Amino acid sequence: MTILEAPAEVRPEEPAGPRRTEIPHRKAEVGSRRDLRSVPLDDKFNVLGAAAAGLALATLLFGWLTPMTGFIGWLVISFIGFLAIYAVLSSLRADRLTVSERIMTALFYSAGAILLSALVFVLGFTVVRGVPALVNPNFFVETMKLAGPLDPLTMGGIWHAIVGTLIQISIALIITIPLGITTAVFLNEIGGKFARFVRTISDAMTALPSIVAGLFIYAAIITLVTHQRSGFAAALAISVMMLPIIIRASDVVLRLVPNNLREASYALGTTRWRTVWTVVLPTSRSGLVTAVILGTARGIGETSPVLLTSGVTAELNLNPFTGPMISLPLQVFDFVKSPEPNMIVRGFGAAATLVLLVLALFLIARVIGGRGPGQLSDRQRRAAAEGSARDLRRIEASHVLPPITFDARDADVSGRSVRRRPPKGNPPADLEDRVAQRAAEPVSTENPTTEESPS
Amino acid sequence: MNDSVTEVITSTPAAAEPKRRSLKSRPVQADRVFRTVCYAAGGITVAIMLAVGVFLSGRAGEALSAAGPAFLWTQEWSPETGSFGIAAVLFGTVTIAIIALCIALPLSLATALLISEIVPGRVKSMLISVVDLMAAVPSVVFGLWGVFFLQANVIPVSQWISTYFGWIPVFAVTDASGAHVTEAGAFTSSAFIAGIVVSLMIVPTQTSVMREAFSQAPLGEREGALALGSTRWGMIRTVVLPFGKGGIIGGTMLALGRALGETIAVVMIISPIFSINWQVLKTGTNSVSALIALRYGEASQFGLSALMAAGLVLFIITLIINFTASTIVARSRSGAESN
């Protein structure tokens with residue numbers, strides 16, 4: 001190809017004065033927007049037709065032609081029928097490549113659908129089967145102390161198991177949060193040979209089967225030291241399970257903290273400890289909270305370590321150190337061992353309570369963990385802007401410029417006001433403007449990577 | 001290294017050759033405390049882990065030395081009479097895990113590709129949340145579902161498979177005399193049903209590892225494949241899957257590790273037996289973790305030691321699998337970055 005030089009055009013006379021950006025005048029007609037994504041009509045019809053044909057084929061096979069039975073078999077047959085008929089229908093209008101592309105896309109979508117429906121079905125099944133127990137308010141406030149297997153659902157409840165779960169998970173969190181996050185900080189901020197060793201060990205710890213963790217606590221603590229099962233032993237077993245999960249998740253979160261924040265902090269002459277406390281941890285706060293909450297959700301649902309360590313009881317036990325203390329998953333396991341239908345319904349009710357608890361924790365984690373490190377919410381950004389304005393006032397107050405006064409208590413700020421209490425009441429609406437006017441240069445009061453000063 | 005107080009030794013101007021400044025730094029008090037606390041936390045973590053390992057192997061030693069190498073191939077489990085081994089339970093564990101993998105592998109591979117390649121932004125983050133939520137569902141809930149719903153609905157499928165594929169020895173269901181059995185009672189509580197339930201529990205682990213590996217496939221090569229006229233599936237087959245191979249293998253092995261250690265759902269479904277059962281559709285199987293969960297209560301000190309030995313074997317197996325998996329995943333990641 002030869003590239004022809006474009007003939008020099010006669011430029012229109014430029015208007016005097018500085019050049020400005022102009023929106024070019026459109027001469028050509030703008031047609032309607034072309035649709036690049038949607039599926040052609042006949043392909044839509046192919047999907048619908050194949051689905052209908054697959055269902056019909058399976059129903060025909062199961063109902064009339066062959067002695068096959070069962071819901072799952074029916075689903076499998078109709079899915080295979082759908083795929084085959086869809087392939088045939090597509091091949092009428094398209095080539096081999098397109099047909100395989102469509103079949104594979106259909107397979108991917110159906111895998112996602114299977115997963116989604118399995119999750120919804122498992123959770124929904126549990127909740128629906130548990131409804132007869134859940135509708136009785138006594139289910140949440142009574143214990144099984146006075147209720148036998150044959151008693152109606154209006155007697156007895158799982159209050160003791162709920163309390164047991166909360167006590168055990170609290171103890172486990174008290175152990176694992178400081179230990180886990182400090183270890184993660186150690187892995188990220190200090191490093192070295194020993195840190196690599198610790199990382200290897202904590203990776204190995206994730207491989208520990210939960211039942212073996214329970215067996216360890218049972219053999220080491222219960223048979224040797226306390227000689228009785230207790231809530232505390234169960235909490236220890238849960239801690240052994242949760243610790244590597246929390247270390248790993250926090251490690252990943254801390255690794256995401258941008259290195260230039262750390263370097264900026266060191267460049268200002270801070271110690272390593274203050275860098276971690278005022279830069280690294282606040283920056284990754286939402287991620288750390290998410291890691292802890294997801295670890296909690298895993299820990300709450302663990303049955304096998306608790307099975308060996310906590311013991312089964314029908315009474316409320318508030319003391320984690322003596323006597324058995326049951327938790328929700330173990331209560332579910334215990335209820336459904338009974339052949340009585342009422343006990344099984346109670347089991348489903350307890351399982352539904354557990355599921356709702358996990359779901360609530362999960363939603364909280366999603367809400368908090370939606371942001372990456374360093375991203376601030378509106379409130380945090382306002383606080384950061386306020387902090388910057390305050391710093392500016394402090395600098396002005398200790399230098400030549402006369403201070404801005406809008407509050408008597410803030411007029412005489414000293415040079416050490418970093419840790420001062422925040423000003424009471426709202427700052428005046430035009431604060432930003434006044435600050436900008438006073439300063440020799442306009443100062444950006446909003447810096448998304450600046451955290452609010454430590455309180 | 002990065003310490004705030006740097007000792008500066010000033011040299012006198014009279015000296016002909018100025019002394020070298022000492023670059024040694026001395027951490028301030030707060031930093032020393034911080035370092036100590038951090039080292040202590042790491043040390044405690046290691047200590048807990050070592051305590052588990054040392055205690056397990058120490059207590060297991062008693063039973064292992066009593067049983068000798070026969071521990072590996074004895075099928076029955078009666079520590080009281082001195083005849084016990086993990087052949088049957090380990091076989092059951094592996095059977096359940098393999099069945100779970102056979103179901104979970106295609107499911108998670110397709111889901112991971114769906115999430116990373118096909119669906120747009122909002123649906124993508126919703127599906128990621130769904131997978132994460134699935135990982136957080138307690139195993140006792142999956143167990144309930146398996147016992148009270150799946151069991152009854154899977155038995156016809158099992159019957160169908162054993163009727164038409166019974167000529168494959170694994171799928172046959174025979175009684176003691178070798179005759180084929182078809183009544184529903186012979187198909188309950190089988191390794192197949194336990195495997196299906198376990199597969200649902202390992203899919204999330206597998207999917208998220210694979211998804212991360214797929215999303216690292218280089219954009220340039222994807223666009224190259226598309227520009228050469230390949231379809232989306234062609235691009236996935238020639239670019240994404242080869243790049244994500246390490247992720248697929250590593251994720252599958254991590255899932256295998258989880259499947260081997262799964263306890264409660266398996267305990268709820270299976271009916272434990274202590275002999276090797278090749279017929280996966282037939283009633284009766286076992287697993288190491290189920291053995292521990294069912295036998296720990298009535299065990300004597302020696303029985304407990306035997307259970308410890310079984311737990312130790314399980315732990316060593318999952319440890320090897322996990323380390324291999326993370327090595328594979330890490331290697332595949334570094335390979336993708338260098339391109």
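Here are three short exercises on how chain A and chain B fit together in a predicted model.

Residues count from 1 along each chain as written, and chains are lettered from A in the order written. In this predicted model, local features need pLDDT of at least 70 and side-chain atom pairs need pLDDT 80 or more, while totals for chains, interfaces and linings use all residues; side-chain values rest on heavy atoms, with hydrogens and water left out.

**Exercise 1.** Work out how many residues each chain brings to the contact and how much area gets buried.

*Solution.* Start with the contact (heavy atoms within 4.5 Å): chain A brings 88 residues and chain B brings 82 residues. Next comes buried area, the accessible area (1.4 Å probe) that two parts lose on being put together, summed over both. Here that's about 7,600 Å², with 82% of it on carbon and sulfur atoms. On chain A's side, A:Phe108, A:Leu115 and A:Arg272 lose the most area to chain B, together 10% of what that side buries.

**Exercise 2.** Find the salt bridges across the interface of chain A and chain B.

*Solution.* Look for a side-chain nitrogen of Lys or Arg within 4 Å of a carboxyl oxygen of Asp or Glu. The rule gives two salt bridges across this interface, and nine over all chains. A:Arg366 and B:Asp132 make a salt bridge, 3.0 Å from N to O. For a pair inside chain A, try A:Asp251 and A:Arg199, whose closest N and O atoms are 3.2 Å apart. That pair links distant parts of the chain, helix H8 (residues 231-255) and helix H6 (residues 193-206), 52 residues apart. Helices here are DSSP runs (H or I, at least four residues), numbered from the N terminus.

**Exercise 3.** Describe how H14(A) packs against H4(B).

*Solution.* First, the geometry: helix H14 (residues 341-368) of chain A and helix H4 (residues 139-164) of chain B pack at about 140 degrees, axes 10 Å apart. The axes are lines fitted to C-alpha atoms over the stretch in contact, and angles run from 0 to 180 degrees between N-to-C directions. Then, the residues: among those that meet are A:Phe348 and A:Leu354 in H14(A), and B:Leu144 and B:Phe148 in H4(B).

Methods:
Helices (H or I, at least four residues) and strands (E, at least two) are DSSP runs, numbered from the N terminus.
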